[in-house]
Each structure stands twice: as structure tokens, then as C-alpha cells.
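Me: I'd like a close look at one turn in this chain, and then at what surrounds it. Please keep it simple, as I'm new to reading models.

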Amino acid sequence: MDVTAACTIYIPAALGLCALTGALTSHLSSRHFYALLTLALLIRGIANFLQGNPLFTATDAALTAYYAWRWWKNGGGDDTKRRLRHLARRFTPTRRTAPTTG
């Protein structure tokens, strides 16, 4: 089996079918559905980029960004948002003046 065929056809198709089946049978939440689709399109986009298909690469990049945005809005990014807020709380800005010479 060709590696590029596996990355452009079989792996994304399997992930997409798993996501669709899980969503239709209510075994998969919407954020997990979008996460699987994002992963599938990311793999396919990288494989198309390595093969030199600019149209398919651009289409996959746009769909990956869209599904990643849907994942983020459906609660998938909650842990990431919480970590970023925690890091922002520990940051305390201090005003410093520039040293003057003379």
C-alpha cells in the first residue's frame, strides 16, 4: 500500500466515517465530531501538500480551519481557554522606565 494513498484516502475516510457514525448514533458529542473531522482533514491536507496539489491543499486547509473553529466554539477549547486564563492571572505587568545616560 502506498503511504500517500493511505494518508490522502484511507485514514481521513476512516476517521470521517467514524465521526459520522458516532454522531448519527449519538455516541459522539459535537465537539468530538468536529475534532475527528479536523484531524482527518489535517492529515489529508498535509499529504496533499507533500504531493504538490495546491487546490486540494487549500481546500483542506480551509475546511480544517472551519472545523477547528467549530470544535473551539462547541466547548472543545475549554481546557485550553482555562489554561490560558490561568497563565494570564500569574502575569503581573510592571512599568519600567528606560535608563538615562548622562
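**A loop and its surroundings**

Reply: S26 is found in the loop between helix α1 (3–24) and helix α2. (Helices, H or I with at least four residues, and strands, E with at least two, are DSSP runs numbered from the N terminus.) Before we go on, this is a predicted model, where local features need pLDDT of at least 70 and side-chain atom pairs count only at pLDDT 80 or more, while totals for chains, interfaces and linings use all residues. Residues are numbered from 1 along each chain as its sequence is written, and side-chain values use heavy atoms, with hydrogens and water left out.

Back to our loop. Most residues other than glycine have a negative phi. S26 isn't a glycine, yet its phi is positive, at about 60°. S26 also counts as exposed, at 66% relative accessibility. Here buried means under 20% relative accessible area, exposed means over 50%, and partly exposed is in between (1.4 Å probe, protein chains only).

Now walk back along α1, which is where G22 sits. Unlike exposed S26, G22 is buried, with a relative accessible area of 12%. Leave out residues up to four places away in sequence, and G22 touches H27 and L28. (Contact means heavy atoms within 4.5 Å.) From G22 to D60 it's 38 residues in sequence and 22 Å in space, C-alpha to C-alpha.

L17 is in helix α1 too. It's exposed, with a relative accessible area of 55%. Between its C-alpha and that of L37 there are 9.4 Å, though the two residues are 20 apart along the chain. Keep going back and you reach D2, in the segment before α1. D2 is partly exposed, at 48% relative accessible area. Measure up D2 against S26, and they're 24 residues apart in sequence and 34 Å apart in space, C-alpha to C-alpha.

On the other side of the loop comes α2, and N48 lies in this helix. N48 counts as buried, at 6% relative accessibility. Setting aside its neighbours within four places in sequence, N48 is in contact with T8, N53, F56, T57 and D60. Two of those names come up again in helix α3 (residues 54–76), whose buried residues are T57, D60, T64, Y67, G75 and G76. The cover over the buried residues of α3 includes α2 (30–51) and α4 (78–90).

Next, the rings. The structure holds 5 aromatic pairs. Y34 and Y67 have ring centres 6.0 Å apart and planes at 25°, so this pair is stacked. Y34 lies in α2 and Y67 in α3, so the pair ties together parts that are 33 residues apart in sequence. Y34 is buried, with 11% relative accessible area. Ring pairs also link F33, Y34, Y66, Y67 and W69 into a cluster. (Rings of Phe, Tyr and Trp, using the six-membered ring of Trp, pair if their centres lie within 6.5 Å; planes under 30 degrees apart are stacked, over 60 edge-to-face, and the rest tilted.)

Finally, zoom out. The protein has 4 helices and 0 strands, and from the N terminus on the elements run α-α-α-α. Its radius of gyration is 21 Å, well over the 13 Å that the globule rule gives for 102 residues, so the protein is more spread out than a compact globule. (That radius is taken over C-alpha atoms, and the rule is 2.2 Å times the number of residues to the power 0.38.) Along its principal axes, the C-alpha trace spans about 70 × 40 × 20 Å. Of the 102 residues, 23% count as buried. Take contacts between residues at least 6 apart in sequence, and 53% of them join residues at least 24 apart.

As for the surface, the protein exposes about 7,800 Å², with carbon and sulfur atoms supplying 65% of it. (Accessible areas come from the Shrake-Rupley method with a 1.4 Å probe; for residues, only the protein chains shown count as cover.) There are 12 positive and 4 negative side chains, and the centres of the two sets lie 17 Å apart. (Lys and Arg count as positive, Asp and Glu as negative, with His and the chain ends not counted; a charge is placed at NZ of Lys, CZ of Arg, CG of Asp or CD of Glu.)
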